[in-house]
Amino acid sequence: MSLYSRITGTGSYLPPRKLSNAVLVAELAAKGLETSDDWIVERTGIRARHFVADGVFSSDLAFEAAKNALQAANRNAQEVDLIIVATSTPDMVFPSTACILQNKLGANGGIAFDMQAVCTGFVYALSVADSMIKTGAAKCALVVGAEVFSRILDFKDRTTCVLFGDGAGAVVLEASDTPGILASDLHADGKHVGILCVPGHVSGGAISGDPVLKMDGQAVFKLAVGVLEDAARAALTKAGKTEKDIDWMIPHQANIRIMQSTAKKLKLPMDKVIVTVDQHGNTSAASIPLALDYGVRNGKIKPGQTLLLEGVGGGFTWGAVILNL
Ligand code: UT7
């Protein structure tokens with residue numbers, strides 16, 4: 001049994017079709033929906049997002065991200081004994097996207113399951129994988145966030161369809177004698193189920209209810225800016241650290257204004273915040289590992305640095321993880 005778990009490699013993947021605001025605005029205008037680049041940039045910071053092609057699923061994006069993370073960690077798939085895929089857009093009702101990914105990787109035989117905590121899914125999954133490694137249940141985990149939110153958007157609802165994108169990010173988390181994941185702080189409050197949801201379900205061989213994303217944006221915004229600071233501070237306290245120890249904050253990428261507000265409350269300058277929302281939009285559970293891999297690969301985030309990961313989303317769920325890379 002190891003005392004700690006540590007990230008040994010990161011990876012990500014974005015589908016090739018990238019839509020700038022201008023292209024999306026023109027496509028929506030052709031369908032009679034009025035929006036603008038100015039509104040989207042000013043209210044959210046989003047300038048572009050990636051959408052999958054027909055026939056491409058979350059497991060396909062997860063597969064590419066996982067391969068990149070395994071290569072960075074210098075591990076092969078057969079060494080992986082735990083796969084957790086955080087997703088709200090699974091390939092099928094069941095089996096889990098994690099099982100589909102496991103088979104695509106040829107990593108068969110270990111533990112595999114999905115984590116459903118919407119945009120907080122990756123933070124939840126990382127914390128669960130850390131616990132499983134610490135108890136000796138696993139030694140080498142793949143923790144993935146993968147989403148195809150373009151499939152659950154209502155392109156007649158301008159308040160939501162301009163916000164989201166598709167993509168996947170992954171980390172390899174291994175048993176370690178030196179500290180990596182230092183602390184996490186996770187929460188949910190189910191009384192807010194209705195403010196961000198996809199209410200449809202399968203019943204009698206058909207979809208019953210509305211199978212597209214519904215969001216009360218202002219309610220989500222207000223809750224998000226309140227809870228993220230609390231989770232970050234609680235995780236810092238558990239880790240025996242203060243905000244001065246944070247080299248990089250890697251927040252869920254939903255809205256630049258939420259990130260700026262959290263950074264301000266934590267007295268972190270924005271040049272310590274990894275921002276990808278401008279190029280990726282909100283990719284739900286994939287956004288944090290996508291941003292982490294972006295920061296690592298472009299040389300901003302360096303080994304040994306202390307990171308704050310924090311997410312918030314449907315459920316209502318929220319949480320933070322403090323780690324040493
Ligand atoms: O990933 C999970 C977490 N999700 C989030 O964190 C999302 C949190 N919420 C938000 O980021 C923001 O609330 C939004 C970006 C969704 C909306 O921004 P807002 O500043 O709260 O705008 P609003 O909802 O108050 O809408 C302002 C105006 C409205 O017009 P009126 O009623 O003032 O005339 C909307 O109808 O903007 C209008 N509007 C749009 N206009 C052009 C809403 N969507 C659009 C649009 N284009 N796409």
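In the predicted model, P95 lies in the loop that runs between strand 4 (82-86) and helix 4 (97-105). The peptide bond joining F94 to P95 is cis, and its omega angle is about 5°.

A second cis peptide bond is found further along the chain, where G315 is linked to F316 with omega near -5°. F316 is likewise located in a loop, here the one between strand 14 (306-313) and strand 15 (317-324).

Attention now turns to the backbone angle phi. For K267, phi is positive, at about 55°, although this residue is not a glycine. K267 belongs to the loop between helix 8 (256-265) and helix 9 (277-280). The relative accessible area of K267 is 67%; K267 is therefore classed as exposed, since this term applies to values over 50%.

A positive phi, of about 50°, also occurs at S284, which again is not a glycine. The position of S284 is in the loop connecting helix 9 with helix 10 (287-297). In S284 the relative accessibility is 1%. Because buried denotes a relative accessible area under 20%, S284 counts as buried.

The two residues with positive phi may thus be set side by side: K267 is exposed, whereas S284 is buried. Helix 9 borders both loops concerned, as K267 is in the loop between helix 8 and helix 9 and S284 is in the loop between helix 9 and helix 10.

Terms used
Residues numbered from 1 in each chain as written. Predicted model: local features only at pLDDT ≥ 70, side-chain atom pairs only at ≥ 80, totals over all residues. Heavy atoms only, no water. Helix = DSSP H or I, 4+ residues; strand = E, 2+ residues; numbered from the N terminus. Buried < 20%, exposed > 50% of the residue type's maximum accessible area, 1.4 Å probe, protein only.
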